[in-house]
Structure formats: structure tokens, C-alpha cells
Amino acid sequence: MQTIETYLKQYDLADIFTETSKSYLRIETFSEGDLLCVTGEPIDRMYFIVEGKIKISAASAEGKQRILRFKKAMTVIGDAEYINQREVLNTIEVITDVVALSIPYAILREHNTTNTFLQFLLRIITTKWYADSKSASFHVLYSVEERFAGYLLSITSDVSDSLFYQEMRTSNLHDVADWLGTSYRHLNRIISTLCEEEILARRRGKIIILDVERIKEKANGNSYE
């Protein structure tokens, strides 16, 4: 783990904070499976993810969590809630160990209302809007196999990492199928075909990637990050 100053320099964040605000920054760590924030709950600080990957999901009308996208460092959590002064919009789950810089909203409102910071927030929010629009278009323009391959790439910690997280336990494939806009049976056929092609393998209730490069080819540029 690096120092706050090193992270600020690494991600060009030093200039968005005043010197007073920097003194209130702190490093927080989260483990795989932790919930950083939950839909509908209050939030009082902004998080800057500087290591690791998270999953962003929203509650459906039936109360189920629907995956929206995956994000890795560097990304900001709590920006929209800060601006709108509302409860948490989307649930954030840690899917690899995460390191984050955090700072209370109260400090930002009192010591950090600079044009530089506000412009930074505008860039972050518009980038997220673009990513959401791009993700939605994938469900229209890409086949189920391409969407599934893009999903597999999105949930790995790195393209060289072949083990998936709890989303790819076979017991959760119904939820994955729903999110991809297909049936469990059709998704299962796709997985079986990819296993026959020795691109994936089923082991101990998990889906494991055997050939990352061929998954990237199957994804055809599709990603949910």
C-alpha cells in the first residue's frame, strides 16, 4: 500500500484538493465481498478507488440486485450523492481487495468548493453517463455470446487472472442470464460450447477461464467497465 501523497500523484488528484482538505483524506481498505455502500442508505463521504475493482448494482422493482457495471481504479464513489445530497443510489460491492481514499462531505463543502474540484466532478459524472450509455447499447448491438465474453472480462481483476469471483458460481448463473437478457438454458448452452472449445472450464461450482485471448476475441470489444 502506498501513501496518500503517492496515490494523489499517481492519479493526478493533488490539484483537485485544497491543502486543508488534503489533511482530512484517509486511506481505507476493503476485502472481497464487502459492501462499500448500499442503495437507500445514507452516505457522508466520497471515495476515490485507487486499487482494486468494484461491482455497481441497482435494486430492481422485485427487490433483486441488477448489475450495472464494473469499475477499477481510479474511480469515484459518492459523487452524485454529494451533488444531489441524497441517499446512496447504487450498491457498491468489492470484488477484489480495494484501497480507497476517503474524505467527508462536510470537509468538501467547507474547504473544497473550488472550480477545479467542480470541473473534476463534472468530468467524472459525464464519464459515468457515457459508460452507462455504452453498456446499454451492448445489449442491443451484441450477441449473447459476445455480451457474456465481455462480462467475463469485466469481472476479472486483470486480463491475466483466470479465476472469477462469486458472480461466476454456477448457482448464480440465473442472475447473470437475467442481466445479459437471455435465458438460463441458453447461457448454459453457451458455457458448454465454450468449455468444449477449451476456452472455459467448470470446476468446483465455478467457471474458470482457460484462454483469455480467445475470450477477448469472443467479446469483440464488448466490456462492462
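How many bridges join strand β2 (residues 35–37) to β7? Two bridges do so, and the two strands run antiparallel. Strands (E, at least two residues) and helices (H or I, at least four) are DSSP runs, numbered from the N terminus, and two strands are said to pair if DSSP finds at least two bridges between them.

The structure is a predicted model, in which local features need pLDDT of at least 70 and side-chain atom pairs count only at pLDDT 80 or more, whereas totals for chains, interfaces and linings use all residues. Residues are numbered from 1 along each chain as its sequence is written, and side-chain values use heavy atoms, with hydrogens and water left out.

The protein contains nine helices and 10 strands. Of its 225 residues, 45% count as buried, where buried means under 20% relative accessible area, exposed means over 50%, and partly exposed lies in between (1.4 Å probe, protein chains only). Among contacts between residues at least 6 apart in sequence, 72% join residues at least 24 apart; contact here means heavy atoms within 4.5 Å.

The description may begin with β7 and its partners. Within the pairing of β2 and β7, Cys 37 stands opposite Ile 92 in β7. Strand β7 (residues 91–94) also pairs with β4 in the antiparallel sense, over four bridges. In that pairing, Ser 57 has Thr 91 of β7 as its bridge partner. In a regular strand, the side chains alternate between the two faces of the sheet. Both faces of β7 are covered: Thr 91 and Glu 93 are buried on one side, and Ile 92 and Val 94 are buried on the other. As for β4 (residues 53–59), six of its seven residues are buried, so this strand is largely enclosed by the rest of the structure.

A further group of strands forms an open sheet. Four strands make up this sheet in the order β1-β8-β3-β6, with antiparallel pairing. Its edge strands are β1 (26–30) and β6 (75–77), each of which pairs on one side only. From one strand to the next, the twist averages 30 degrees. Inside the sheet, strand β3 (residues 45–51) and strand β8 (residues 98–104) run antiparallel and are joined by six bridges. One residue pair in this arrangement is Tyr 47 with its bridge partner Ser 102 in β8.

The edge strand β6 includes Thr 75. Is Thr 75 buried or exposed? Thr 75 is buried because its relative accessible area is 5%. Not counting residues up to four places away in sequence, Thr 75 touches Tyr 47, Phe 48, Ile 49, Ile 54 and Lys 128. The C-alpha atoms of Thr 75 and Tyr 11 are 9.9 Å apart, although these residues are separated by 64 residues along the chain.

Two loops beside helix α5 come next. Asn 112 lies in the loop between α4 (105–111) and α5 (115–141). At 0% relative accessibility, Asn 112 counts as buried. Its side chain joins that of Ser 21 through a polar contact of 2.9 Å; such a contact is a pair of N or O atoms within 3.5 Å, and within protein one must be able to donate a hydrogen and the other to accept it, while residues adjacent in sequence count only if both atoms are side-chain atoms. Leaving aside neighbours within four places in sequence, Asn 112 is in contact with Ile 16, Phe 17, Thr 18, Ser 21, Ile 107 and Phe 117.

Tyr 142 is found in the loop between α5 and α6 (144–155). With neighbours within four places in sequence left aside, Tyr 142 is in contact with Arg 147, Ala 219, Asn 220, Gly 221 and Asn 222. Of these, Asn 220 is 78 residues away along the chain, and its C-alpha atom is separated from that of Tyr 142 by 8.6 Å.

The last region concerns α7 and α8. Helix α7 (residues 173–180) and helix α8 (residues 184–196) pack at an angle of about 100 degrees, with their axes 9 Å apart. Axes are lines fitted to C-alpha atoms, for helices over the stretch in contact, and angles run from 0 to 180 degrees between N-to-C directions. The angle therefore makes α7 roughly perpendicular to α8, a class that covers 65 to 115 degrees, whereas angles under 35 count as roughly parallel, over 145 as roughly antiparallel and the rest as oblique. In this contact, Leu 173, His 174, Val 176, Ala 177 and Leu 180 of α7 meet Tyr 184, Leu 187, Asn 188 and Ile 191 of α8. These residues divide into seven nonpolar, two polar and no charged; Ala, Val, Leu, Ile, Met, Phe, Trp, Tyr, Cys and Pro count as nonpolar, Asp, Glu, Lys and Arg as charged, and the others, Gly among them, as polar.

The loop between α7 and α8 holds Thr 182. Thr 182 is buried, with a relative accessible area of 16%. Leaving aside its neighbours within four places in sequence, Thr 182 is in contact with Val 144, Ala 177 and Leu 187.
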